[in-house]
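Colleague: Could you take me slowly through one single part of this model, and explain each step as you would to a first-year student? I would like to hear about one pocket, with a few words on its surroundings afterwards.

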Amino acid sequence: MNIYKLHYTNKEEAIIDLIAKEVYTQTKEDGLVFGQGIKAIVDIGLIVLTEQTFDEEGEELTELVYADGYHFDVMSEHEIEFTNAIVPNNPKHTFA
Amino acid sequence: MAIPSLIIGGGKWATKKDKLLAYKQNIGGRYFAINGDTSRNSTATFTNQNGLIESVGNNVARVDFKDDVKGSLLLETQSTNLITQSESFVNSYWTKSGASIQGDPSTAGVEEVVNGDFATDTWWGKDTSWTISGGSANSNGSGTMYKGSILTIGKTYLVSFDISSYTSGSVSYPNGGFTPTLAVGSYSFTYMASSATVSFSGVSFIGSIDNVSVKEVQGFASPSVDSPTGAFKLVEDTSTGAHYMSTGFYSTTNGSDYTFSAFVKKGENNFIQFIFSGATYDGGNYANFDLLNGALGSSSIGVSKIESIGDFYKCSFTSTAIATSSAGQVFIWKIQSATSSKTESYTGDGTSGVYMFGAQLEVLPYATSYIPTSGSAVTRVQDVANSFGDVNTFNSSEGVIEIKVKGLSNGGTSRKISISDGTGDNRIFISMSSTVDYWQIGLEGSDGGLLNQNFTTTTPQDVWNTIKLKYKNGDIGIKINDIEVYTNNFNFIIQSMDRLNFGKANGTGNYFLGEVQYVKYYPNITNY
């Protein structure tokens, strides 16, 4: 099984690319469905690097910081050529 | 009485990797095996025959309460547990306020601190503000007293110590997130080690500490085979105010349903409240749970459920986000009655609590089976069960399909059980419709004839229902719980049906999502 961790500029770009690579298939009846051989698509979205925290008075202690870009994880039974696959050191998402 | 040519379940289940055993019986009572294919490219959990949560490997079908008459095949959609520490409530992912997490003190292991009574000036490293003398560790300013390389990162420890004298400033245990302490007294807390070092840090602290103890501790008995001592106790402190713990922040999408669930057992307290944060859920939706009687209490907008699992209750609460935000949060709030208002304040006694295990947050309108996490969000993949029977099993010109099923939800998506030749041209299906209380029947013949009919009932999809579909030229009928709810005189020519799928005829999509106690297929209509 192939697992791809994908980095995009935004969600729109991600959906366009995933349809182009037949990870998603668009159907009249059901909208976007998994393409042939796709076992899972996980919309990770924005990844928080630093959480926003507050003191007891509600004053912000640390600012919310996101990692650059928008993220999807894809599980596929066949290989797909992605140019935007990444290998995170500390993945925020895994498969069971 | 006709004999089914295919039975799936009905109190007799057997699974192995990639296969679920179905069967037929001949007139003499002899069993013949008929395999179906199962897949799920991830591990998953189910409820075993003892009522405990247990995990299975990839591609193994899950049968809740297997070897019991109420055994049922569990088929679920892909889902992600967004809680990144589903069991380790001592982890700093969980914020505690007016409360602490405690393990089972009776399981405390060996003492990790060699010189906790400070009888000699040995073992500890010290900044210049700390001295050891007179049987205590004494601070006259800001600095740290420490000992490295004695704990195992990721394990849970019970820390206790005394402040034996106090003049000014504060002292804290920085690796455990322990609140700075400002008075003479005995203190204890439980935490998960993120560092191998034991340390006490003074901030302008003029005072002494003594009787330091650090011992590994286990949780309490949980409803899980895989984490038998994985439950921890949420204990109120003695303050007057709120007593709760909360998740880390997560992102919400406006209009999406979120379901939080956890296994909770009464301790000295009988009630618990789940709250979705006000920033993203219409001012903060809440639901109360009565852990003494296994009953739902007061709630605001949303759907709450309580279900017995071992001696715990699986409590769940579903609410719709009204904003796209990074400030989603769930609070587990200690309350004093089933009708307590949201965010109740009261004076705690310092000892009373409830037992917690297995927290889960999903972007779904219902809770699914438990997905353990420890450090990241985790996804369980879609269950698939297809290709039961062969061309000799099914009669293409007449028959009865009888199923006893319970959907995971009432409405949502179209969820089919189909018999076909693997194409949409020769198929018969029963479907739980995407519309609440609606069911659907479909027949499509090789002659091009198509019957595709939605019909409403008073029967929700998410309770146990027995459904019989009869098909014969000019004689179509459906009974739900022995009451005929639909008939049609549709004529059709269907050929070569050779498989039963829990989903569409081609094996992909519209997967059946729910529990299946049995499927019986009869090759004629006498059993309708």
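Modeller: What follows is a close look at the second largest pocket, and then some remarks on two loop residues and on chain A. Please keep in mind throughout that this is a predicted model.

The second largest pocket has a volume of about 750 Å³, and its lining is made up of 31 residues. If you wish to find the pocket in the structure, look for E307(B), K314(B), A367(B), K406(B) and E515(B), which are the lining residues that lie nearest its centre. Where does the second largest pocket lie with respect to domain 1 and domain 2 of chain B? Domain 1 consists of 6–76 together with 383–522, while domain 2 consists of 81–100 together with 220–373, and because both of them give residues to the lining, the pocket lies between them.

Several strands of chain B take part in this lining, and β5 (44–47), β8 (72–75), β27 (303–309), β28 (312–320), β35 (398–407) and β44 (514–522) each supply at least two residues. The largest share comes from β27(B), which gives 5 residues to the lining. Sorted by chemical character, the lining holds 13 nonpolar, 9 polar and 9 charged residues.

Elsewhere in chain B, two loop residues deserve a careful look at their backbone angles. Most residues other than glycine have a negative phi. N59(B), however, has a positive phi of about 65° although it is not a glycine, and this residue sits in the loop between β6 (53–56) and β7 (62–64) of chain B. Since its relative accessibility is 12%, N59(B) counts as buried, the cut-off for that word being under 20%. D482(B) likewise is not a glycine and has a positive phi, here of about 70°, and its place is the loop between β41 (476–480) and β42 (483–488) of chain B. With a relative accessible area of 64%, D482(B) is exposed, as that word applies over 50%.

Finally, a word on chain A, which has 1 helix and 10 strands, running from the N terminus in the order β-α-β-β-β-β-β-β-β-β-β. The radius of gyration of chain A is 16 Å, whereas a compact globule of 96 residues would have one near 12 Å, and its C-alpha atoms fill a box of roughly 55 × 30 × 25 Å along the principal axes. Of the 96 residues in chain A, 32% count as buried.

How values were computed. Residues numbered from 1 in each chain as written. Chains lettered and ligands numbered in written order. Predicted model: local features only at pLDDT ≥ 70, side-chain atom pairs only at ≥ 80, totals over all residues. Heavy atoms only, no water. 1 Å grid on protein atoms, 1.4 Å probe; cavity = no way out; pocket = protein on both sides within 12 Å on 5 of 7 lines; lining within 4 Å. Points joined across faces, edges and corners; volume = space filled by probe spheres on them. Helix = DSSP H or I, 4+ residues; strand = E, 2+ residues; numbered from the N terminus. Nonpolar A, V, L, I, M, F, W, Y, C, P; charged D, E, K, R; others polar. Domains from an automatic or database assignment. Rg over C-alpha atoms; globule rule 2.2 N^0.38 Å. Buried < 20%, exposed > 50% of the residue type's maximum accessible area, 1.4 Å probe, protein only.
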